[in-house]
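User: I am new to this structure and would like to learn how to read its side-chain contacts. Could you take me through them step by step?

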Amino acid sequence: MKRWMLLLPLFFLVLFQANAAEALSNSAIHWGFKKGSGGKQAEAGEAYDSLLEKYDAFYKGNPRDKVLYLTFDNGYENGYTEKVLDVLKKEKVPATFFVTGHYLESAPDLAKRMVQDGHIIGNHSWSHPDMTGISDEKIQEELERVKEKTAALTGQTEMQYLRPPRGILSERTLKVAREQGYIHVLWSLAFKDWQTDQQKGWKYAYDNIMAQVHPGAVMLLHTVSKDNADALEKVIKDLKKDGYTFKSLDDYMMREKIKNPIISH
């Protein structure tokens with residue numbers, strides 16, 4: 001009888017921890033927001049804002065400064081990343097490239113150049129799964145493989161920025177990633193630019209970007225798009241003329257989030 005009394009608190013502790021883990025929502029969130037227009041910020045809503053803040057995630061900066069954060073998702077190479085890198089180098093604009101395992105294996109020279117040119121490589125997972133549909137252990141494996149391959153290939157040993165594949169996340173995946181040292185970087189400016197068979201000319205990309213741009217925007221573009229590659233230089237030049245500056249995600253962290261950020265490159 002006494003033995004059972006000693007074990008009883010341990011039983012309730014284990015039961016409480018199990019219930020707490022189950023209570024953490026894994027309901028899939030397909031990232032979306034009300035687009036910015038007329039220089040006003042995009043808005044995802046208070047519920048999403050609160051959830052992201054809980055795990056240090058973000059999708060935009062503050063509305064007071066005309067600062068932009070340029071990011072690209074790189075799942076595979078379509079022949080336009082070199083041109084994008086050339087424009088960024090010419091205009092002295094930093095960017096973050098969220099890459100997959102496929103990209104690292106199929107375009108190693110471009111990945112190396114990203115780091116050599118002073119850009120950041122972020123984690124887009126190894127095989128681009130819906131993370132809400134895989135286990136905690138599998139998420140960790142997906143992220144670690146990208147980090148290790150990036151370090152071996154480019155010399156960038158630290159990696160703290162994550163873009164969830166397909167823009168799908170949950171509170172569970174936010175927590176798992178944060179425990180691995182990752183911060184979700186979502187976005188507040190995007191459009192359908194990834195459909196390679198539906199490119200509509202550089203002005204289509206230019207008009208979509210300029211219509212949505214706002215102070216603090218985290219811009220998501222895909223380098224598979226010819227429209228983006230052709231429009232990028234004019235976009236950057238015109239935004240600079242309008243008083244915008246381009247900063248890196250490390251700069252965002254210093255401005256908005258963490259007093260002592262881990263510098264990624």
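**Salt bridges and a polar contact**

Analyst: Counted by the rule for a salt bridge, which asks for a side-chain nitrogen of Lys or Arg within 4 Å of a carboxyl oxygen of Asp or Glu, the total comes to 19 salt bridges. Because this is a predicted model, local features need pLDDT of at least 70 and side-chain atom pairs count only at pLDDT 80 or more, while totals for chains, interfaces and linings use all residues. Residues are numbered from 1 along each chain as its sequence is written, and side-chain values use heavy atoms, with hydrogens and water left out.

User: Which residue meets Arg178 in a salt bridge, and where in the chain do the two lie?

Analyst: Helices (H or I, at least four residues) and strands (E, at least two) are DSSP runs, numbered from the N terminus. The side chain of Arg178 meets that of Asp56, with N to O at 3.0 Å. This pair links distant parts of the chain, since Arg178 belongs to helix H7 (residues 171–179) and Asp56 to the loop between helix H2 (46–54) and strand E2 (67–74), 122 residues apart.

User: Are Arg178 and Asp56 buried or exposed?

Analyst: Buried means under 20% relative accessible area and exposed over 50%, with partly exposed in between (1.4 Å probe, protein chains only). Arg178 has a relative accessible area of 24% and is therefore partly exposed, and Asp56, at 28%, is partly exposed as well.

User: What does a salt bridge within one helix look like, taking Lys175 and Glu179?

Analyst: Lys175 and Glu179 both lie in helix H7, 4 residues apart, which is about one turn of the helix, and their side chains meet with N to O at 2.4 Å. Lys175 is partly exposed at 32%, whereas Glu179, at 53%, counts as exposed.

User: Where do Lys226 and Asp230 lie?

Analyst: Both are in helix H9 (residues 226–241), again 4 residues apart, about one turn of the helix, and the closest N and O atoms of their salt bridge are 2.7 Å apart. Lys226 is partly exposed at 38%, and Asp230 is partly exposed at 29%. Elsewhere, salt bridges that share partners join Asp65, Asp251 and Arg255 into one network.

User: Which residue shares a polar contact with Gln160?

Analyst: A polar contact is a pair of N or O atoms within 3.5 Å; within protein, one must be able to donate a hydrogen and the other to accept it, and residues adjacent in sequence count only if both atoms are side-chain atoms. The side chains of Gln160 and Tyr161 are joined by such a contact of 3.1 Å. Gln160 sits in the loop between helix H6 (136–154) and strand E5 (161–162), and at 5% relative accessibility Gln160 counts as buried.
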